[in-house]
Amino acid sequence: MVITFKDVSFKYIEKMLLDNVSFSITDSDKVGVVGLNGTGKTTMLKLISGLEKPVSGEIIISGGMQINYLPQDPKFPKGLKALEVIMAKSTKEHPIKDYEAKSILTKLKLDPDSLIDNYSGGENKRLALALVLVSYSDMLILDEPTNHLDNDMILWLEKYLKSFKRGLIMVTHDRYFLEHVCNKMLELDLGKTYLYEANYSKFLELKTARLLEAKRMEAKLKSILKTETEWMNRSVEARRTKSKSRINRFNELSKINFSEDKTMEFNSVTRRLGKKLIEIENGSKAFGDKVLFKDFNFKLERSDIIAFVGDNGAGKSTLFKIIMGQEDLTTGTLIKGETLHIGYFSQHLDLIDPEIRVIDYIKEEQGLIETLDGVITASELLEKFLFDSEMQYTKVKMLSGGEKRRLQLVRVLMSNPNLLILDEPTNDLDIYTLEILEDYLMSFKGPILVVSHDRYFLDKICNKLYVFENTSIKEYMLSFSEYLGMAKEDSKAQIEGDKPQGYNKNKMSSKDRNLLDSLNKEIPLLEAELSKLKEKLKGLTVEYTEIMDLTAEIEAKTKILDEKIDKLFELEELKESFKI
């Protein structure tokens with residue numbers, strides 16, 4: 001099965017996103033789509049999914065290909081439970097197994113029986129991801145699949161997609177994901193597409209070679225244009241003796257828009273920092289009975305670039321809000337230096353007046369900022385972050401979601417902070433902007449605190465790691481990848497220690513096969529039992545003691561069911577890995 005773009009063009013208002021492009025992708029390809037925010041990556045996915053139509057050209061999808069699409073911002077009808085959303089996609093030709101749906105929902109930390117009406121944007125995204133993964137497809141189309149996933153989920157999804165047997169096209173800023181999962185890269189650049197037979201690191205090599213060749217050809221064309229310009233500037237009488245074809249060639253060369261080099265360097269100068277920065281003594285934070293962390297002692301140093309990592313809901317963003325003064329510690333002491341000027345980049349896209357111009361939004365903060373290269377204006381800083389002069393005078397409503405995130409980042413930097421607090425800064429930023437941000441952060445003259453699930457980003461910039469683990473926050477002098485490797489080895493060692501003597505790694509044991517058969521029988525019975533208990537609970541109104549007892553029983557049995565489903569899915573994966 002093949003997806004073919006044949007001379008396809010697509011225009012958004014006055015901006016040409018795709019200009020007469022042609023390429024083909026098969027259902028055995030795993031393709032990463034890369035390019036600047038606003039160049040049309042999401043539009044490309046919508047065109048393939050049939051949600052947008054080209055202005056001209058043809059998109060041919062052969063063989064009755066079944067496509068599943070994960071949008072950036074999925075929506076669901078109200079009144080449904082998570083499992084009901086999944087099972088509604090089950091068909092006679094491609095039935096969805098109940099335990100598979102529950103297992104994937106559990107992996108993505110969603111309760112199968114939870115009502116989705118009050119789901120957050122992140123929970124909606126995870127539900128949509130579960131839906132496209134468990135439903136049958138010949139081609140998966142994923143727009144930023146790692147957004148709103150914690151580290152465990154990202155590693156699980158990476159493993160799942162590596163073993164996925166059919167086609168995949170995805171937009172993601174996660175460079176390790178592109179490196180480990182993809183075998184092709186599709187680059188969008190100035191309305192053109194470039195398809196590379198490569199993972200991410202090989203793509204960088206091939207792209208560099210392409211740009212060098214383009215630079216060489218551009219230099220050659222400029223030289224020819226210079227010669228032809230000199231010839232055209234001679235007297236009219238001299239030109240009359242020249243060929244018409246040469247005049248036509250000059251006219252064609254004159255139409256070429258030669259590229260301009262875009263600098264990505266921005267060396268910061270920050271406000272003065274005093275000796276005292278941030279200290280927390282015996283800090284704890286709890287909401288009712290839920291303890292996020294306790295007995296936390298912390299002293300920030302000038303050279304610190306610290307990553308705070310842990311599961312979603314562990315308390316990372318809450319800790320940042322405490323430092324910002326938006327929340328209080330439950331117990332303990334927070335001490336902040338008087339010279340601190342914090343630049344805070346939230347994971348939430350703050351509301352921006354859609355009618356305001358880009359340049360005016362930045363000037364609301366201030367108009368000038370001092371750098372190692374001297375004072376630069378708001379306009380010059382915007383240029384550094386790839387907002388050219390034309391974009392600066394457009395209204396915010398014309399920007400893509402990723403461009404709005406980039407604009408908010410520029411505004412934070414424009415405040416000239418001496419401490420940066422970045423909460424999920426990589427969400428929705430394209431790879432090129434991430435490289436600019438990384439260069440900026442590595443030249444920043446003050447400490448940085450960051451929460452991110454982007455392994456590549458954390459490995460590149462951070463020199464310390466603080467990990468939320470069971471109500472404590474532990475310090476590690478490791479890179480993020482080193483920490484993940486250590487955790488994986490610890491888990492592997494524990495599993496190996498549990499295996500019986502004589503275990504054969506090339507064959508599923510009879511014990512595992514028997515357990516798999518047993519779970520397939522136990523789980524439906526346990527589900528039926530739980531369903532009866534929940535119906536009984538609905539009928540109770542005033543019997544308080546009975547309600548409490550029944551609720552506790554439901555919670556206990558639900559926990560047992562989740563554990564059994566997890567084990568079933570694990571054994572099913574193990575079974576698939578053996579040729580039995």
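How many helices and strands are there in the protein chain? In this predicted model, the protein chain contains 19 helices and 20 strands. Of its 580 residues, 45% are buried. The accessible surface of the chain comes to about 29900 Å², and carbon and sulfur atoms account for 50% of that area. Contacts between residues at least 6 apart in sequence were also examined; 68% of them join residues at least 24 apart.

Salt bridges were searched for over the whole structure, and 28 were found. One of them pairs K102 with E527, with 2.0 Å between the closest N and O atoms. This pair links distant parts of the chain: K102 belongs to helix α3 (residues 98-107) and E527 to helix α18 (residues 510-539), and the two residues are 425 apart. K102 has a relative accessibility of 9% and E527 one of 17%. Because buried means under 20% relative accessible area, K102 counts as buried, and E527 likewise counts as buried.

A salt bridge is also formed by E355 and K395, whose closest N and O atoms are 3.0 Å apart. E355 is placed in the loop between β14 (342-345) and α11 (358-363), and K395 in the loop between α13 (389-392) and α14 (401-414), so the salt bridge ties together parts of the chain that are 40 residues apart in sequence. Both partners are partly exposed: the relative accessible area is 40% for E355 and 34% for K395.

In a further salt bridge, the side chains of K474 and E469 meet at an N to O distance of 3.4 Å. K474 is partly exposed, having a relative accessible area of 40%. Elsewhere, E187, D189, K207 and R210 are joined into one network by salt bridges that share partners.

The surface also carries a nonpolar patch, which is made by Y12, I13 and M398 and covers about 280 Å². Y12 is found in strand β1, which spans residues 2-12. The relative accessible area of Y12 is 43%, so this residue is partly exposed. Residues of such patches need over 30% relative accessible area, and Y12, at 43%, is therefore accessible enough to take part.

Notes: Residues are numbered from 1 along each chain as its sequence is written. This is a predicted model: local features need pLDDT of at least 70, side-chain atom pairs count only at pLDDT 80 or more; totals for chains, interfaces and linings use all residues. Side-chain values use heavy atoms; hydrogens and water are left out. Patches are made of residues with over 30% relative accessible area and no salt bridge: like charges are joined within 9 Å, nonpolar side chains (Val, Leu, Ile, Met, Phe, Trp, Tyr) within 5 Å. Accessible areas come from the Shrake-Rupley method with a 1.4 Å probe; for residues, only the protein chains shown count as cover. A salt bridge is a side-chain nitrogen of Lys or Arg within 4 Å of a carboxyl oxygen of Asp or Glu. Helices (H or I, at least four residues) and strands (E, at least two) are DSSP runs, numbered from the N terminus. Buried means under 20% relative accessible area, exposed over 50%, partly exposed in between (1.4 Å probe, protein chains only). Contact means heavy atoms within 4.5 Å.
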